[in-house]
Amino acid sequence: MNIRLPNAPLTDEQLQQLNNLLQGLEGWQVDWLSGYLSGYRAAQVGTAVMEAGPSLAEQAIKLTVLYGSQTGNTEAVAGQLAEKAKASGIEVKLWDMAEYKPRELKNEQYLAVLTSTHGEGEPPDNAMDLYEFLNSRKAPGLKGLHYSVLSLGDSSYEFFCQTGKDFDERLQKLGATAVIPRVDCDVDYDDLAEKWIAEFVGALTSSMQASAAPPSASAAMSQLETSVQYDRKHPFSAPLLENQLLSGRGSSKEVRHIEISLEGSGLQYEPGDALGVYPQNDPALVSMLIDALGFDADSSVELDEQQETLTNALMHHREITVLTRPLVEKWAELAQSDELNKLMESKAAVTEWIRGRDVLDLVQSYPLADIDANGFIKLLRKLPPRLYSIASSQAAVDEEVHITVATVRYNAHNRERGGVASTWLADRLAEDATIPVYIDPNKNFKLPADDNAPIIMIGPGTGVAPFRSFMQEREERGARGPNWLFFGDQHFLTDFLYQTEWLAWRKSGLLTHLDVAFSRDQTEKIYVQHRIREKSIEIWNWLQDGAHIYVCGDADNMAPDVNEALIDIISQQGNKSREDATEYLRQLTRDKRYQRDVY
Amino acid sequence: MNTKLPEAEQLKLDSRYLRGTIAEGLDDVVTGSISEDDNKLTKFHGSYMQDHRDLRDERRRQKLEPLYSFMVRLRIAGGVVTPQQWLGLDAIADDCSNGTLRITTRQTFQYHEVLKKDLRSLMQQVNALGLDTKGACGDVNRNVVTNVNPHQSSVHAEVHQISQAISDHLCWQSGAYAEIWLDETCVYQPGKSEEPFYGDRYLPRKFKIGIAIPPENDSDVLANDIALIAIIENDELVGFNVAVGGGMGMTYGETATFPRLATMAGFVPKDQIVKACETIAAIQRDFGDRSVRAHARFKYTIDDHGIEWFNEKFTEYHGEAMTAARPFELVRNGDRFGWIQGEDGQWHLTLYIYSGRVADTEALQLRTALREIAKVHTGEFRMTCNQNLIIANISPEQKPVIEQLVEQYQLDIGERVRHYV
Ligand SMILES: Cc1cc2nc3c(=O)[nH]c(=O)nc-3n(C[C@H](O)[C@H](O)[C@H](O)COP(=O)(O)OP(=O)(O)OC[C@H]3O[C@@H](n4cnc5c(N)ncnc54)[C@H](O)[C@@H]3O)c2cc1C
Ligand SMILES: Cc1cc2nc3c(=O)[nH]c(=O)nc-3n(C[C@H](O)[C@H](O)[C@H](O)COP(=O)(O)O)c2cc1C
């Protein structure tokens, strides 16, 4: 390409040189050059880059970062992106999707969308409004918008990273251009997310003037500070203090109350946050797996650029109890098994096969002819940490953290199996053990700032955990707002988690109402949603009084059923159509008066 | 003088005729317990709360309340039930209790380990069988016990009728029972008495009446507050010798408490006996010591005032004095196990029941056996004061059927215990 600019204030020779240079340049280099030139000019006229006049500021890239997050993972990643981008001189606005005005979209230049997926491929609560807006006819054309999507998810779910995919597809349909392709992260998202951030920021800065400010010292400092803190990447080895079975004799459940010391860690949490726990796989399962593969347990494998024994790698670092579709796909490629290939033809068949099976089943059913320990390790996901709703308040327990863990045990395909983290905590933890933990903040599950606001807590099973934390906190704070708990489980006699504490709080007046549903104490099954419906009038009155509603626990059945019950109550008591009632509840979500922590 | 009432007396007074907050306590489903005060009141309703001591500490650490349950005792005058009632009571044991029936020394059934949530249902089922639990515990007349005399069936039938009449007559009346247990609407009105006989403070302490038919004394009759000894002349019941102020209980460490045999007061004809019992209970109601609970039993009233005083009061309250006690002889006080044929030709089988426990164990399917017997039996069941069981009034034709079941289930007809005839 030859530039022919009749009015250019350049000599022919200068023009020629320019042409020579430009012809060899990639687009992003041109972008960089243009930035560099304006910076160069600014320096010539004696204006420091940092104090650039309005003309320069206009050229700085404006990035809007939107995140949809339920349990805080994506929110944290979005925070990292914002920091990185700022450090690279980008002007950043960071938004919780629920707080962002969707109509602003058409004015955006650069957009980062980060979102997790919940339910069965559904957006997290705080992404709901934006998601629906984009999928509605109200959505504006977005030509000229540059974006990228990062999705967080879990490939053991059928609709992996669905919400991220949906956002990506919609933005594209509306005319926006992807700066870099979407990245879908599995539960071990840290590295991929970091890489996506680096690439995205890189792509943006390269399209910015070259004179962009170097990372400021303060930004570098703050990065240094975070690296010495304990977090998801740097868990704290916390001593176990107490491990008490809560389920009474004869219960078919096995729920534990676990107290852990955070002394000296500097870790702080608030009611509603979760504790991240890095578990260990069952050594018996690890050795069965190694035997099935015919490997040497002590052989050395490469793991995240370090050498580890195979046993250690499988016990501490790789997931062996959950089969994901991507893993089975990779396995099928290697296995060359007609049977497995046939299975792979049907998505539903794979889903069905995966259910209740683990890596050992895969190895035993479809042995690989030639794979070595290193190759095998590379196929596996990182062993992800497990989250547990924190059941204590630091106002009451200081440098301790309490969690409530239901042990997962089941028999499938003729083998007794157990959940990794929960059986580790139940069976394989010495009394003086330490547990690698971090705090997983969740700003979407917080007590009202107003201590006088009434709260309704719906938490059957281990879902009751955060409400113990709420009550401890409100008690310590002397909060006057009324508190109402709905609890449920199988049997009154054996499964009433923290019964004596609730009774004491009811007696002291802190707990205003306590309603329980024990599903298996009578012939017909009774669940919390039935109790909620029985109390329709009172619940409606509480809502009128500004009550906040919290739901915690089972995501598959309980949360949707409770949601349904609430819609019915709002519609009946408030004389509203179903549509209006749904919108009413949605508004409560926006106002942070309906918060859910479900899993 | 304005002295404060003892707690137990105040509680009765404030209870609105035994209502307290029992109904509210039953409706409170987040705890298996009821309040301490209500637990004292439920005794009048035949029930009290216990907890499983062995599990207390374990459950405390599990942040679970103690494992509370209730004992429920029935009012079954003379310990007689029909086969239909037996079958019903047997079913309740599974439905609301721990699958066991317990025969008590006062000739009645007791259920254990009844959970609060099942209490109402249990009471309703018991009432549907024509029985109730009123006054099985509490400061009222308790279950009336009667000799089970298998010999003289006609006398036994008559005495049983009388024990039923006494029991019914001295049963408390408040609407509380039907409201709390049988879902009837509340009839309480402040100032309106619901207890024509007992009043709002009931008796100072529990009150027991026993009847013996000489020469048998299986009901240990003189250990009762009122001991009635049937007087039979020419094979006919004519009336009762009445002794008062018996009671074997004593409180450990309280030196002023002691066991006492009833003192003979005189004879009352049979058509007067229900009223005479009311009179005696009224004397205890009005003169019993309500200030010291350990001294509140009728035996202390008699001991303090003397039998002459009692006889004066009796005459005053009853309008008529007792006549002189008639001769009698009490000789036996054990159960006579095995088969006995009565004067009318009917058969009676006394079974040994280990500590009154009617349950199925691996060694002995006792509950099942008795259920099978109840299905074919046309007579009645009588519980004895020694916690044994009589299958009474078996016709000669039915005898082989019952014998076959006794054989099949290897029931103990007393051969396995030493019996003291
Ligand atoms: C925000 C959040 C808060 C949470 N809070 C709590 C809490 O307070 N308390 C708590 O106990 N848990 C809580 N959880 C769940 C917890 O994180 C773990 O998922 C849970 O303890 C199981 O982990 P695990 O390692 O023991 O089981 P895993 O090894 O992860 O195994 C669980 C898996 O086993 C399989 N499985 C289970 N049962 C069967 C069966 N019958 N048949 C076939 N397959 C089966 C399923 O695939 C299931 O996903 C929370 C989760 C989240 C996301
Ligand atoms: C109840 C529940 C349902 C989920 N459903 C999906 C799903 O359908 N698809 C998926 O890819 N991930 C699913 N996940 C995994 C989350 O997306 C993943 O844990 C993510 O890291 C959460 O990020 P967040 O903390 O920002 O919400 C689910 C997680 C939970 C707790």
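So, domain 2 and domain 5 of chain A: between them they bury about 640 Å², and 33% of that is on carbon and sulfur atoms. Keep in mind that this is a predicted model. I start with the area because the size of an interface is often given as the accessible area lost when the parts come together.

Who supplies it on the domain 2 side? A:Gln70, A:Asp125 and A:Asp129 give 55% of the area that domain 2 of chain A buries against domain 5 of chain A, more than any other three residues. In terms of contacts, 8 residues of domain 2 of chain A meet 6 residues of domain 5 of chain A. The centres of the two domains, taken over C-alpha atoms, are 33 Å apart.

Now the charges. How many salt bridges are there between domain 2 of chain A and domain 5 of chain A? The count is 5. One I'd like you to click on is A:Asp129 with A:Arg590, where the side chains meet at 2.2 Å, N to O. And A:Asp129 is the residue we just had, one of the three that supply 55% of the buried area on the domain 2 side. On top of that, 4 residue pairs are in polar contact across this interface, both partners at pLDDT 80 or more.

To place these pieces in the chain: domain 2 runs 60–211 and domain 5 runs 455–598. Domain 1 is written in two stretches, 1–49 and 214–225, and domain 3 is too, 236–279 and 385–440. Domain 4 takes 283–379.

Okay, staying with domain 2 numbering, let's go to ligand 2. There are 22 residues around ligand 2, and the closest are A:Ser69, A:Thr71, A:Thr74, A:Thr117 and A:Cys161. By type, that shell splits into 8 nonpolar, 12 polar and 2 charged residues.

Which side chains reach oxygen atoms of the ligand? A:Thr71 has a polar side-chain atom 2.3 Å from an oxygen of ligand 2. For A:Ser116, the polar side-chain atom sits 2.7 Å from a ligand 2 oxygen, and for A:His118 a side-chain N or O atom is 2.8 Å from one. How much of ligand 2 does the protein cover? Of the 640 Å² of accessible area that ligand 2 has on its own, 92% is covered.

Ligand 1 next. Here we have 19 surrounding residues, with A:Arg386, A:Leu387, A:Tyr388, A:Ala421 and A:Ser422 the closest. The contacts I picked out are with the backbone. A polar backbone atom of A:Thr404 is 2.7 Å from a nitrogen atom of ligand 1, and a backbone N or O of A:Ser389 is 3.1 Å from a ligand 1 nitrogen. A:Ala406 puts a backbone N or O atom 2.9 Å from an oxygen of ligand 1. Alone, ligand 1 exposes 980 Å², and the protein buries 69% of that.

Last stop, chain B against chain A. The buried area is about 1600 Å², with carbon and sulfur atoms giving 54%. Chain B brings 16 residues to the contact and chain A brings 21. From the chain B side, B:Val30, B:Gln62 and B:Lys63 supply 43% of the buried area, more than any other three residues.

Across this interface there are 3 salt bridges. One salt bridge joins B:Asp28 to A:Arg506, with the closest N and O atoms 2.6 Å apart. The polar contacts come to 9 residue pairs, again with both at pLDDT 80 or more.

Note on methods. Residues are numbered from 1 along each chain as its sequence is written. Chains are lettered from A and ligands numbered from 1 in the order in which they are written. This is a predicted model: local features need pLDDT of at least 70, side-chain atom pairs count only at pLDDT 80 or more; totals for chains, interfaces and linings use all residues. Side-chain values use heavy atoms; hydrogens and water are left out. A residue is near a molecule or strand if one of its heavy atoms lies within 4 Å of it. A polar contact is a pair of N or O atoms within 3.5 Å; within protein, one must be able to donate a hydrogen and the other to accept it, and residues adjacent in sequence count only if both atoms are side-chain atoms. Accessible areas come from the Shrake-Rupley method with a 1.4 Å probe; for residues, only the protein chains shown count as cover. Ala, Val, Leu, Ile, Met, Phe, Trp, Tyr, Cys and Pro count as nonpolar, Asp, Glu, Lys and Arg as charged, and the others, Gly among them, as polar. Domain bounds come from an automatic or database domain assignment. Contact means heavy atoms within 4.5 Å. Buried area is the accessible area (1.4 Å probe) that two parts lose on being put together, summed over both. A salt bridge is a side-chain nitrogen of Lys or Arg within 4 Å of a carboxyl oxygen of Asp or Glu.
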